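Me: Could you walk me through the strands, salt bridges and surface charge of this structure?

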Amino acid sequence: MKKWLRSGFAVLLISMLTIGLAACGEKEDVVQKVRVAEVTRSIFYAPEYVAIEKGFFKEEGLDIELTTTWGGDKTMTTLLSGGADIALVGSETSIYVHAQGSNDPVINFAQLTQTDGTFLVSREKVENFEWDQLKGTTFLGQRKGGMPQMVGEFVLKQNGIDPQSDLNLIQNIDFANIASAFASGTGDYVQLFEPTASIFEQEGKGHIVASFGTESGHVPYTTFMSKDSYMKENKETVEKFTKALYKAQAWVEENSAADIAKVIEPYFEDTELSLIETVVDRYKSQGSFATDPILDEEEWNNLQNIMDEAGELPQSVDHETLVNTSIAEKAAK
């Protein structure tokens with residue numbers, strides 16, 4: 001009887017130890033959900049989708065819940081209201097929030113794109129395009145106050161064109177309707193993102209004649225940002241997120257446009273693979289994808305110069321006030 005009891009106790013003890021070890025194993029595999037709101041769905045954000053599809057976030061123990069919020073104002077509202085943990089949007093939005101006197105500032109911690117992502121599309125084919133050919137034409141620009149519009153006007157001024165007096169500038173059409181407005185006959189020129197610009201070219205609706213990204217230089221066009229409170233309470237999560245992003249940025253830098261297109265294809269089901277490849281190649285060749293997540297001071301100052309030139313800078317903000325580079329620098333090591 002005692003022998004049976006000892007034997008039974010041993011089995012019970014082994015079972016309990018096994019369950020305990022399994023539980024410890026489960027703790028190590030705990031996955032942290034991170035809600036990310038992206039300002040739009042764009043091939044321009046290829047490294048973000050690569051990080052998800054190649055499992056770089058998963059390797060860091062993160063489960064990314066990605067939502068497209070369609071517009072800078074909506075994206076920032078979602079972040080500020082607690083509907084997202086991290087936002088992917090233009091850095092100018094963090095400056096607007098800061099100017100309103102927020103007690104919980106929005107901090108830029110990882111840069112995704114480092115140039116403008118729009119292209120100048122002409123209705124008619126133009127041989128040997130020169131910027132002064134825009135004078136006297138109707139130009140269908142982007143929404144006032146957003147980075148595309150500010151960079152657009154900055155580039156025009158750099159090329160000796162006064163947007164207000166040298167052309168008929170249209171800026172009262174919603175972002176989602178700009179392409180369709182041009183397709184229906186509004187404007188001689190339009191500022192468009194990819195893949196719409198290339199689709200228009202394929203369909204004979206327009207012709208890409210210049211790149212705003214090439215003309216404007218490096219600028220923190222889209223960055224990952226979060227509320228200061230979230231970053232302090234979830235420091236390790238933000239570090240893991242940035243590390244995964246850097247892995248994706250390195251992968252994009254090292255691989256071909258064709259390979260990148262295959263990885264991100266699930267995010268663009270209505271776009272042909274060959275077109276995705278064309279767009280990725282165009283962005284890669286002009287250096288639009290940041291090769292690391294560090295948003296440096298020179299880029300930050302360039303952003304504010306562009307905003308100031310457009311009359312949209314509410315106040316000058318020091319780099320260290322709204323940018324945290326320590327996380328990105330650690331990830332890049």
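Reply: Sure, starting with one term: helices are DSSP runs of H or I with at least four residues, numbered from the N terminus. Keep in mind that this is a predicted model.

Me: Okay, about how many helical turns separate E236 and K240?
Reply: Both residues sit in helix α11, which covers residues 235-254. They are four residues apart there, so the separation is about one helical turn.

Me: And what is the N to O distance in the salt bridge between E236 and K240?
Reply: E236 is exposed because its relative accessible area is 52%, and exposed means over 50%. K240, at 29% relative accessibility, counts as partly exposed. Their side chains meet in a salt bridge, with an N to O distance of 3.4 Å.

Me: Which residues are joined into one network by salt bridges that share partners?
Reply: A salt bridge here needs a Lys or Arg side-chain nitrogen within 4 Å of an Asp or Glu carboxyl oxygen. Shared partners link such bridges into one network, made up of E59, E60, K243 and K247.

Me: Which helix holds both D228 and K232?
Reply: D228 forms a salt bridge with K232, with the closest N and O atoms 3.1 Å apart. K232 counts as exposed, at 64% relative accessibility. The two residues are four apart, about one turn of the helix, and that helix is α10.

Me: Is E38 buried or exposed?
Reply: E38 forms a salt bridge with R41, and their closest N and O atoms are 2.6 Å apart. R41 counts as partly exposed at 27% relative accessibility. E38 has 0% relative accessibility, so E38 is buried.

Me: How many salt bridges does the count come to?
Reply: The E38 and R41 pair is one of them, and D228 with K232 is another. By the 4 Å rule, the count comes to 13.

Me: Now the strands: which residue is the bridge partner of A37 in β3?
Reply: Strand β1 (residues 32-38) pairs with β2 (residues 62-68) in the parallel sense over seven bridges, and K33 has D63 as its partner there. β1 also pairs in the parallel sense with β3 (residues 86-89), over three bridges. In β3, the partner of A37 is A87.

Me: Last one: where does D296 lie?
Reply: D296 gathers with E297, E298, D318 and E320 in a surface patch of negative charge. At 33% relative accessibility, D296 counts as partly exposed. Its place in the chain is the loop between α13 (273-285) and α14 (297-309).

How values were computed: Residues are numbered from 1 along each chain as its sequence is written. This is a predicted model: local features need pLDDT of at least 70, side-chain atom pairs count only at pLDDT 80 or more; totals for chains, interfaces and linings use all residues. Side-chain values use heavy atoms; hydrogens and water are left out. Patches are made of residues with over 30% relative accessible area and no salt bridge: like charges are joined within 9 Å, nonpolar side chains (Val, Leu, Ile, Met, Phe, Trp, Tyr) within 5 Å. Accessible areas come from the Shrake-Rupley method with a 1.4 Å probe; for residues, only the protein chains shown count as cover. Lys and Arg count as positive and Asp and Glu as negative; His and the chain ends are not counted. The place of a charge is taken as NZ of Lys, CZ of Arg, CG of Asp or CD of Glu. Buried means under 20% relative accessible area, exposed over 50%, partly exposed in between (1.4 Å probe, protein chains only). Two strands pair if DSSP finds at least two bridges between them.
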